[in-house]
Amino acid sequence: MNINTDIAKTYILFDKKQTAVAATGVILGMAIYIFMNSLMIALDRSSTTVIFKNNAHLRVYKEDKISKELVRDSSAKYLITNPKVAPQSNTIINPNLVIETILKNKNVTVVTPQVNSSVFYNNGKSQISGISVGVKPAEANAMYSINSSIVDGDFEALSTNPNGIIIGVGISEKMNLAVGNNLNLTSAKGVNRTFKVVGIFRSNVQKLDDTKSYINLASAQQLEKEGPLYITDISVNITTPDDAEAVGEEITQLTGYKAQSWQEANNSIVTGNRMRRIVAQLISSLILLVAGFGIYNILNMTVNQKINDIAILKAMGFKGNDVVRIFVTQAMTIGILGVIGGVILALILINILKTIYVGGDIGYFPIEFNMYVFTKGIVFGLILTFFAGYFPA
């Protein structure tokens with residue numbers, strides 16, 4: 001083993017240029033692999049964070065029903081139909097019992113009812129259409145972390161002020177409103193009511209910032225001319241958000257109401273994240289694979305150049321496995337140097353980019369250290385360099 005290692009060391013140091021080129025290829029491949037995968041994970045996390053600031057893991061509601069066919073003949077050749085949404089109340093019957101039923105599921109962590117009201121925001125001659133969400137402030141804050149998105153005022157003030165309202169920053173700017181100002185709301189049912197602005201939030205989603213507001217649940221029910229049992233939606237958070245679809249099916253079977261997962265509600269975003277992740281994984285893996293082929297080519301040339309040396313070693317009593325071990329040791333040494341250098345370079349890149357402010361909805365560059373990605377990259381890199389040395393040997 002010592003002689004084999006010494007011979008491998010001699011080959012590594014004999015042509016330093018080749019060793020440096022091979023190690024540099026692994027360094028760049030490893031750094032890019034770790035960097036791109038860390039970026040994809042951070043982008044996914046940033047995307048879901050924005051989603052969960054405005055959406056629960058599950059939304060339980062009464063699904064619209066389409067009218068059935070009007071005429072169907074016995075041979076089923078002709079069909080007369082007028083597919084329209086059948087008019088019906090969108091309220092959840094006996095919401096308290098439904099909430100108790102949902103809470104029995106071991107995966108559920110937070111459940112809160114809400115009422116969504118289509119409204120007009122009126123301030124003098126200015127008028128904006130939007131959605132006012134009636135919530136129980138403490139429960140809503142536990143679910144959406146609304147308090148973390150408040151840029152002015154205090155979300156807790158909504159609990160103590162029955163006429164309070166939290167508005168999006170877009171509404172505030174367009175209607176020149178500040179905390180302490182009054183804002184008149186007109187609901188689709190024709191109810192007018194004046195609220196006091198107690199807070200302003202920024203969700204980093206422009207459409208929501210321009211149209212959405214939060215009021216107390218009782219106030220929203222009054223805007224809809226309904227009583228205290230009127231609930232349009234029940235929001236549910238679970239322990240593992242990725243399991244929302246499976247848990248949603250269970251809740252639908254238990255309650256009879258549609259339980260829409262956040263993946264279904266944000267299908268385009270989820271699909272885009274998945275495609276981006278696959279492409280990044282593919283590109284970064286191919287770059288690392290190219291680095292492996294670089295080591296393979298260099299060692300392949302080295303083996304061919306050392307044919308006479310190999311013949312002499314075998315004549316001296318070295319076995320085939322000894323010769324293979326010499327070149328695998330050479331490859332693994334290059335691989336270890338490349339992996340260490342790649343990890344260091346990746347850490348430097350990540351730390352530099354984390355300090356860059358890109359602005360907009362993203363803020364600082366969305367990348368962070370991820371132990372899983374680093375471990376995966378190191379294992380992948382070492383396996384690749386092992387086979388890059390083994391096959392030519």
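## Salt bridges

Lys258 pairs up with Glu264 in a salt bridge, and their closest N and O atoms are 3.4 Å apart. (A salt bridge here is a side-chain nitrogen of Lys or Arg within 4 Å of a carboxyl oxygen of Asp or Glu.) Glu264 is partly exposed, at 40% relative accessibility; buried means under 20% relative accessible area, exposed over 50%, and partly exposed in between, using a 1.4 Å probe and protein chains only. This is a predicted model, where local features need pLDDT of at least 70 and side-chain atom pairs count only at pLDDT 80 or more, while totals for chains, interfaces and linings use all residues. Residues are numbered from 1 along each chain as its sequence is written, and side-chain values use heavy atoms, with hydrogens and water left out.

Search the whole structure and you get six salt bridges. One of them joins Lys174 to Asp210, with 3.5 Å between the closest N and O atoms. Lys174 sits in helix H6 (residues 169–174) and Asp210 in helix H7, so this pair ties together parts that are 36 residues apart in sequence. (Helices, H or I with at least four residues, and strands, E with at least two, are DSSP runs numbered from the N terminus.) The two partners sit quite differently: Lys174 is exposed, at 52% relative accessible area, whereas Asp210 is buried at 15%.

## A small network

Lys189 and Glu224 form another salt bridge, with the closest N and O atoms 3.8 Å apart. The pair links distant parts of the chain, 35 residues apart: Lys189 is in the loop between strand S8 (182–187) and strand S9 (192–201), and Glu224 is in the loop between helix H8 (217–223) and S11. Lys189 is partly exposed at 39% relative accessibility, while Glu224 is buried at 8%. Add Glu226, and Lys189, Glu224 and Glu226 are linked in a network of salt bridges.

## Pocket and cavity

The largest pocket holds about 580 Å³ of space. It has 22 lining residues, and Asn54, Asn55, Asn116, Leu208 and Lys212 lie nearest its centre. Helix H7 gives the most to this lining, with three residues. Other elements supplying at least two residues each include strand S4 (108–123), strand S5 (126–135) and helix H10 (262–265).

There is also one cavity of 30 Å³ or more, with about 50 Å³ of space in it. Among its lining residues are Lys53, Asn54, Tyr144 and Tyr214. As for the terms, on a 1 Å grid over the protein atoms alone, a cavity is a set of points where a 1.4 Å probe fits but cannot get out, and a pocket is an open set with protein on both sides within 12 Å along at least five of seven lines; lining residues have an atom within 4 Å of a point. Grid points are joined across faces, edges and corners, and a volume is the space filled by probe spheres set on the points.

## Two buried residues

Asn266 lies in the loop between H10 and helix H11 (267–305) and is buried, at 12% relative accessibility. Leaving out residues up to four places away in sequence, Asn266 touches Ile51 and Asn55; contact means heavy atoms within 4.5 Å.

Ala23, in helix H2 (residues 16–52), is buried too, at 11% relative accessibility. Setting aside neighbours within four places in sequence, Ala23 is in contact with Ile334 and Gly338.
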